[in-house]
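Hi,

Here is the structure I promised to pass on. Have a look at it first, and then read my notes below.

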Amino acid sequence: MGMARYETASRWEATTPGPTSPVGAAAPQTAAEIQRLRAQITRMQRRSAQVDAIPVHPELAPLFPEGGLRPGAVYSLDAATSLLLALMSAPSRAGSWCAAIGMPELAAEAAEGYGVDLERFALVPDPGDRWLAVTSAVAEVFPVVTVRPPRAARDGDTARIGAKLRDRGGVLLVQGPWPQAEAALRLHDPEWTGLGQGHGLLAAREVTISATGRRFPVPRSVRVQLPGPLGAPAAAAGTARRPSWRTVHRIEAGHGSDAGSARLEAVG
């Protein structure tokens, strides 16, 4: 303690004009020191404000203000599993571990087909009623966690998971609504190509992916092939095709909301 007080006093005496020092000579030195400290603080604040985003595929980067997934954030997704896997492909290949919770029908082969590195991918197919506890535990060690909640979570539970994500710098992708989500993403307007004049094989599917967030209320959207030729998203062809195809779902009246059928319809 005595040494600390002595050093502080010595510094103060070194920068404070004494009885034989002219005041005018010390004032510029003190002002320069203040300016230097202010500049240093500004640089530190700028660095702390910068966010190292978790990477996504380049075709999806325009959906996010940081060009990728924001650490500590939760993203609400629609029910399209292809969108979920597309968002995990780039992080897993960049070295981040990813996990999928509560998706018993999801196969590892399907994840690999969309570009997910299976060496850094874990599945928890059916966590049951403990899905929140499992999600929280997995978020302790996995940078990217995806979950399909069987029911809405309470505000206290979502707040605790959010605090853990911010502390760890992880990201949670939720299939369904989530309070205070950073952004909501949805896949729509699918178009298939490859059938030609009523025959052939489906060759590609183009979709639009839109994102709306608290920090960007005006929707952002991209048009991509999903899956692309190599599984991961690819740029849309951008040329007119005749015909292209889209899936049309028809609900049979009087048989409940789950009854229905699907057919392919030519468009364009």
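In which sense do strand 4 and strand 5 (residues 121-124) pair, and over how many bridges? They pair in the parallel sense, over 4 bridges. Before I go on with that part, a word of caution: this is a predicted model.

**Confidence**

The mean pLDDT of the protein is 78, with 70% of its residues at 70 or more. Residues 1-25 have a pLDDT below 50, and beyond near neighbours in sequence this stretch makes 4 contacts in the model. Residues 46-50 also stay under 50, and there the model has 0 contacts beyond four places in sequence. As a rule, predicted coordinates should not be read in detail where pLDDT is low, so I'd leave the fine points of residues 1-25 alone, given their pLDDT below 50.

**Around strand 4**

Back to strand 4, which spans residues 98-101 and is covered on both faces. Cys-98 and Ala-100 are buried on one side, and Ala-99 and Ile-101 are buried on the other. That fits the usual picture, in which the side chains of a regular strand alternate between the two faces of the sheet.

Strand 4 also has strand 6 (residues 144-147) as a parallel partner, joined to it by 4 bridges. If you want to trace the register, Cys-98 stands opposite Phe-121 in strand 5, while Ala-99 has Val-145 in strand 6 as its bridge partner. With helix 4 (residues 108-113), strands 4 and 5 make up a right-handed β-α-β unit.

Cys-98 turns up again when you look at Pro-91, which sits in helix 3. Leaving aside neighbours within four places in sequence, Pro-91 is in contact with Ile-54, Pro-55, Ser-96, Cys-98 and Val-144. Pro-91 is buried, with a relative accessible area of 0%. From Pro-91 to Leu-69 the C-alpha to C-alpha distance is 9.3 Å, with their positions 22 residues apart in sequence.

**Aromatic rings**

How many aromatic pairs does the structure hold? There are 2. One is Phe-64 with Tyr-75, edge-to-face at 5.6 Å centre to centre and 90° between the planes. Phe-64 is in the loop between strand 1 (54-55) and strand 2 (68-69), and Tyr-75 is in strand 3 (residues 74-77), 11 residues apart. Both rings belong to buried residues: Phe-64 has a relative accessible area of 3%, and Tyr-75 has 2%.

Then there is Trp-97 with Phe-142, whose ring centres are 5.7 Å apart and whose planes meet at 75°, so this pair is edge-to-face. Trp-97 comes from the loop between helix 3 (81-93) and strand 4, and Phe-142 from the loop between helix 5 (131-139) and strand 6, so the pair ties together parts that are 45 residues apart in sequence. Here Trp-97 is partly exposed at 41% relative accessible area, whereas Phe-142 is buried at 18%.

One more ring to look at is that of Phe-216: Arg-220 lies over its face, 5.0 Å from the ring centre.

**Glu-182**

Last stop is Glu-182, in the loop between strand 7 (171-175) and strand 8 (183-193). Is Glu-182 buried or exposed? With a relative accessible area of 8%, Glu-182 counts as buried, because the cut-off is under 20%. Leaving aside neighbours within four places in sequence, Glu-182 is in contact with Arg-70, Ala-73, Val-74, Tyr-75, Gly-213, Arg-214 and Arg-215. Tyr-75 in that list is the partner of Phe-64 in the aromatic pair above.

Cheers

Technical notes:
Residues are numbered from 1 along each chain as its sequence is written. This is a predicted model: local features need pLDDT of at least 70, side-chain atom pairs count only at pLDDT 80 or more; totals for chains, interfaces and linings use all residues. Side-chain values use heavy atoms; hydrogens and water are left out. pLDDT is the predictor's confidence in each residue, from 0 to 100. Contact means heavy atoms within 4.5 Å. Buried means under 20% relative accessible area, exposed over 50%, partly exposed in between (1.4 Å probe, protein chains only). Helices (H or I, at least four residues) and strands (E, at least two) are DSSP runs, numbered from the N terminus. Two strands pair if DSSP finds at least two bridges between them. A crossover is right-handed if, with the strands pointing away from the viewer, the path from the first strand over the helix to the second runs clockwise. Rings of Phe, Tyr and Trp (its six-membered ring) pair if their centres lie within 6.5 Å; planes under 30 degrees apart count as stacked, over 60 as edge-to-face and the rest as tilted. A charge sits over a ring if NZ of Lys or CZ of Arg is within 6 Å of the ring centre and within 35 degrees of the ring normal.
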